[in-house]
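Thanks for coming. I will go through one structure today, a few places at a time, and I will keep to what can be read from the model.

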Amino acid sequence: MNKTIIVSNRLPVDLKFDDEKLVVKSSTGGLATGMKSVHSEGNGIWIGWSGLAQEEVSEELQVEVDEALAKEKCIQVPLTNADIDNYYHGFSNSALWPLFHYFQAYTEFEWNHWKSYVEVNEKFAKVILEHVNDGDTVWVHDYQLLLVPELLRKSNPNITIGFFLHIPYPSYELFITCPWRNELLQGMLGADLIGFHTYDYVRHFLSSVSRIKDVEISFNEISYGNRIIKVDSFPMGIDYNRYHDAALEHDKYLEDSKSDFMKSLDFHNKSNEESKLILSIDRMDYTKGIPNRIKSFEYFLNKYPEYKEKVRLVMLAVPSRENVPQYQKLKRETDELVGRINGQLSTISWTPVWYFYRSLPFHDLIDLYVSSDVAMVTPVRDGMNLVAKEYIATRTKENGVLILSEMAGAAKEMHEALIVNPNNFEQTADAIKTALEMPQEEQKERLAALQKRISRYDVERWAGEFLKALEVAKNTEPIQVAK
Ligand code: GDG
């Protein structure tokens, strides 16, 4: 029986040794969260890095690691500390990530990082080739593995290869600044189907391909050698029922096991009945617009002082890529901004920004979603953004307003949110006011439309449609080009 192999940089589980004891933890990233249901249901496997460097794993421990991963239907690609530094922190997160998110000034093109990126992509291809059989489907994910499709195709033309990019694809003008643009495109073109979150990213990709490579393009099909490669948009959804059902269970949570968060929120609610909560959740990343969000909230409080003591911004920033200098700088800037606004505006009974720099267990996350009157999802650039969709899924009482950046892929689908330009503090501040004052009937109408769409196009449907399109792409006959 043919199988589907999912491939991503990180496995959906995270391994750590705590006092020589192996600890297996589920990852919190967007991809891991989204694909979990697809992986657990299928007969396939997931190939990726476990989070442990080779140097940490002795031969004895290796057996234990492999067993723990096998239980989760996972196979690891072993990476060394040098790989992690150069391929992951280096080329992936200091070159591709900023470049693809339009942060050109942060982009570092280092030859040794690139060399390691090539080597690690080869390591991934090697492990995949050891487990793939003719007729199988391999679905490769994201910017860390752009070379893998071509490496697989060269070694085994009898497999179906899909590739999905979770981050934005930049305009041609930006993409050409990369010294290895040819190699990157060549790598992606090994796939039968290349997917992006939005139509804009598809257009940018096709424009790069047509200007850099000598190929025929007709609509969304690339004629390349004797193959046809399809390119299309597949906006990623969430596991809607998981979030919706967890929200419905929320009252039960309160009785059974009060989290510290809810205790604080209870206290807060009792101390000021009218007080409202605005929620912000992201990885601590410069693409997520965290400083802009704090500044917009500060602008709002200064422009509409009647809201002082009546509203709080609850900001959860999950530590991310803490070894990369730009992330350390962002953390310092965020600490300072929160300190400034709280220092200037707090009163004895009111702190404007509640800031948590950590990751929270799922049920605390749900506490936050459910308890918030407004969610601010205002990245300066974001492939999709799943938090926006999760917030909508947890609204079970026909209230709640989403403020969403037009720079997030999600804005292309979620028109009923209050759409803002995150660099326009005045507009964002006004959107906060509109959200806080929105009549219940309007909240209900907007939510109903959003929930209908998000629940219908959930993560299973996303994966199903990608895999269906991949099957069709594989069976497409090449266009006969006249000689
Ligand atoms: C990349 C792209 C694209 C967050 N904090 C906690 C926690 N989370 C979960 C959220 C959500 C996920 O992490 C974050 O997903 P995003 O989509 O917002 O962002 P990225 O991690 O940057 O993901 C992005 C995505 O891939 C999918 O294609 O949308 O554009 O950048 O699910 O709920 N989960 C828990 N505790 C936390 O503290 N349990």
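Let us start in a loop. E309 is found in the loop between helix 12, residues 290-303, and strand 13, residues 311-318. Keep in mind throughout that this is a predicted model. The phi angle of E309 is near 70°, which is a positive value in a residue other than glycine. Is E309 buried or exposed? Neither label fits, because E309 has 17 other C-beta atoms within 10 Å and is partly exposed. The cut-offs used here are 20 or more for buried and 12 or fewer for exposed.

There is another residue of this kind. D142 is not a glycine, yet its phi is positive, at about 80°. D142 sits in the loop that runs between strand 6, residues 137-141, and helix 5. D142 has 21 other C-beta atoms within 10 Å, so it is buried.

Next, the cores. The largest nonpolar core has 67 residues, and within it V7, I128, V138 and V148 touch the most other members. Which helix gives the most to this core? That is helix 3, residues 81-100, with 8 residues. Apart from this core lies another one, made of 64 residues, including I281, M315, V377 and L447.

Take V7 as a way into the largest core. Setting aside residues up to four places away in sequence, V7 touches I47, G48, F124, I128, V138, W139, V140, H141, L145 and V148.

Now the helix pairs. Two packed helices are described by the angle between their axes and the distance between the axes.

The pair to begin with is helix 4, residues 111-131, and helix 5, residues 148-155. They pack at an angle of about 45°, and their axes are 9 Å apart. Helix 4 and helix 5 are therefore oblique to each other. The crossing of helix 4 past helix 5 is right-handed. On the helix 4 side the contact is made by N121, E122, F124, A125, I128 and L129, and on the helix 5 side by V148, L151, L152 and S155. Sorted by class, this contact has 7 nonpolar, 2 polar and 1 charged residues. You have heard two of these names already: I128 and V148 are among the residues that touch the most other members of the largest core.

Helix 4 also packs against helix 3, at an angle of about 110° and with the axes 8 Å apart. What does that angle make of the pair? Helix 3 and helix 4 are roughly perpendicular to each other. From helix 3 the contact takes D83, N86, Y87, G90, F91, S92, S94 and A95, and these meet N112, H113, W114, S116, Y117 and V120 in helix 4. By class, the contact of helix 3 with helix 4 divides into 6 nonpolar, 7 polar and 1 charged residues.

One more pair. Helix 15, residues 386-393, packs with helix 17, residues 440-456, at an angle of about 115°, the axes being 9 Å apart. Helix 15 and helix 17 are therefore roughly perpendicular to each other. Helix 15 passes helix 17 in a left-handed crossing. K389, I392 and A393 come from helix 15, and they meet L447, L450, Q451 and I454 of helix 17. In this contact of helix 15 with helix 17 there are 5 nonpolar, 1 polar and 1 charged residues. L447, you may recall, is among the members of the 64-residue core.

To finish, a few single residues. I278 has its place in strand 12, residues 276-283. It is buried, because 23 other C-beta atoms lie within 10 Å. Beyond four places in sequence, I278 touches V311, R312, L313, V314, S372, V374, M376 and I432. I278 and V311 are 33 residues apart in sequence, and their C-alpha atoms are 7.3 Å apart in space.

K21 is in strand 3, residues 21-26. Is K21 buried or exposed? With 8 other C-beta atoms within 10 Å, K21 is exposed. K21 lies 40 residues from L61 in sequence and 9.6 Å from it in space, C-alpha to C-alpha.

Last comes F234, in the loop between strand 11, residues 227-233, and helix 9, residues 240-248. F234 has 20 other C-beta atoms within 10 Å, so it counts as buried. Outside its neighbours within four places in sequence, F234 is in contact with G195, W462, E465 and F466.

That is the end of my list.

Technical notes
Residues numbered from 1 in each chain as written. Predicted model: local features only at pLDDT ≥ 70, side-chain atom pairs only at ≥ 80, totals over all residues. Core = buried A, V, L, I, M, F, W, Y, C linked by C-beta atoms within 7 Å. Helix = DSSP H or I, 4+ residues; strand = E, 2+ residues; numbered from the N terminus. Contact = placed C-beta atoms within 7 Å. Axes fitted to C-alpha atoms, helices over the stretch in contact; angles between N-to-C directions. Parallel < 35°, antiparallel > 145°, perpendicular 65-115°, else oblique. Left-handed = near helix turned anticlockwise from the far one by under 90°. Nonpolar A, V, L, I, M, F, W, Y, C, P; charged D, E, K, R; others polar.
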